[in-house]
Every structure is written in C-alpha cells, then in structure tokens.
Amino acid sequence: MQLSLYSLFISIVIAVPLGILLAKSKHPKIAAFILKMTSILQTIPGLALIALIVSMLVLLRKIVFLPATGVLPAIIVLSLYAILPILANTYYGKIGRAHV
C-alpha cells in the first residue's frame with residue numbers, strides 16, 4: 001500500500017505541473033512530442049523496465065549511494081508507469097479537448 005502511495009505521489013508531483021505547463025505552452029508540437037515519449041515509455045514491459053532501472057541504479061551506485069534492489073526500483077517503475085495517464089488527462093483536461 002505504501003509503495004503505491006509513494007509512487008502515485010511522485011507521479012502526481014511530476015505529471016500535473018508538466019501537464020499544465022504543456023497546456024499553456026505556445027508550442028503544441030513540444031506537447032505532442034512529450035506525450036508521445038511518455039506513451040512509448042508505457043509500452044515497455046514491466047519486468048524489462050525493472051531490469052533497466054536496477055542496472056541503471058547499479059551504475060549510479062558508483063557515483064551516489066543508492067540501493068539497487070528493494071523498494072527504490074519498484075517505486076521508480078510504478079511512478080514511470082503512472083505518469084502517462086496523469087499527464088495526458090491533465091493536458092487534455094486543461095486544453096478542453098477529449099483524449100483520443
């Protein structure tokens with residue numbers, strides 16, 4: 001339960017301001033690009049993304065002390081997966097257009 005709440009909180013803190021910023025942007029191509037990149041991130045299978053995050057944390061461990069296993073990779077992966085729906089719904093809700 002805590003894992004999901006932490007991930008959801010991180011996703012909201014990232015995606016809601018970004019969605020508002022993209023909706024107020026004068027460059028709709030930038031907004032479309034960012035929404036497409038988050039959509040691509042959503043297509044990566046969960047286990048592959050966990051393996052990618054763990055290997056990145058192992059590499060970062062040489063620079064900054066971060067645990068490569070345990071709760072941190074799961075929070076990162078769950079947060080990444082939750083960003084797309086929150087970002088897209090914030091963006092489309094702010095511009096007043098239906099999500100396609």
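**Close-up views of a four-helix model**

**Figure 1. Ser 7, a buried residue of helix H1.** Ser 7 counts as buried, since its relative accessibility is just 2%, and buried here means under 20%. This serine belongs to helix H1 in what is a predicted model. If you follow the chain from Ser 7 to Leu 22, you pass along 15 residues, and the two C-alpha atoms end up 22 Å apart.

**Figure 2. The protein as a whole, to help you place the close-ups.** There are 4 helices and 0 strands to look for, and reading along the sequence gives the pattern α-α-α-α. Taken along the principal axes, the C-alpha atoms fill a box of roughly 45 × 30 × 25 Å. Of the 100 residues in the protein, 27% are buried; Ser 7 from the previous view counts as buried too.

**Figure 3. A nonpolar patch on the surface, with Ile 10 as one of its members.** Four residues make up this patch: Phe 9, Ile 10, Val 13 and Ile 14. Together they give a nonpolar surface of about 360 Å². Ile 10 sits in helix H1, which covers residues 2–24. With a relative accessible area of 33%, Ile 10 is partly exposed, and that value is high enough for a patch because patch residues need over 30%.

**Figure 4. Where helices H1 and H4 cross.** Here you can follow H1 alongside helix H4, which spans residues 71–95. The two axes come within 6 Å and cross at roughly 35°, and the crossing is right-handed. Sorting the residues of this contact gives 22 nonpolar, 5 polar and 2 charged.

**Figure 5. His 27 and Pro 28, from loop to helix.** Look for His 27 in the loop between H1 and H2. His 27 is partly exposed, at a relative accessible area of 48%, a value that lies below the exposed class because exposed means over 50%. Pro 28 belongs to helix H2, residues 28–43, and with a relative accessible area of 55% this proline is exposed. Both residues can be placed against partners elsewhere in the chain. His 27 and Pro 17 are 10 residues apart in sequence, and their C-alpha atoms lie 16 Å apart in space. For Pro 28 and Gly 93, the separation is 65 residues in sequence and 15 Å in space, again from C-alpha to C-alpha.

**Figure 6. Leu 66, a partly exposed leucine in a loop.** This leucine is found in the loop that runs between helix H3 (46–60) and H4. Leu 66 has a relative accessibility of 26% and so counts as partly exposed; the buried class is closed to this residue because buried means under 20%. To find your bearings, look for Ser 55: Leu 66 and Ser 55 are 11 residues apart along the chain, and their C-alpha atoms are separated by 12 Å.

How values were computed:
Residues are numbered from 1 along each chain as its sequence is written. This is a predicted model: local features need pLDDT of at least 70, side-chain atom pairs count only at pLDDT 80 or more; totals for chains, interfaces and linings use all residues. Side-chain values use heavy atoms; hydrogens and water are left out. Patches are made of residues with over 30% relative accessible area and no salt bridge: like charges are joined within 9 Å, nonpolar side chains (Val, Leu, Ile, Met, Phe, Trp, Tyr) within 5 Å. Accessible areas come from the Shrake-Rupley method with a 1.4 Å probe; for residues, only the protein chains shown count as cover. A salt bridge is a side-chain nitrogen of Lys or Arg within 4 Å of a carboxyl oxygen of Asp or Glu. Helices (H or I, at least four residues) and strands (E, at least two) are DSSP runs, numbered from the N terminus. Buried means under 20% relative accessible area, exposed over 50%, partly exposed in between (1.4 Å probe, protein chains only). Axes are lines fitted to C-alpha atoms, for helices over the stretch in contact, and angles run from 0 to 180 degrees between N-to-C directions. A crossing is left-handed if the near helix is turned anticlockwise from the far one by less than a right angle, and right-handed if clockwise. Ala, Val, Leu, Ile, Met, Phe, Trp, Tyr, Cys and Pro count as nonpolar, Asp, Glu, Lys and Arg as charged, and the others, Gly among them, as polar.
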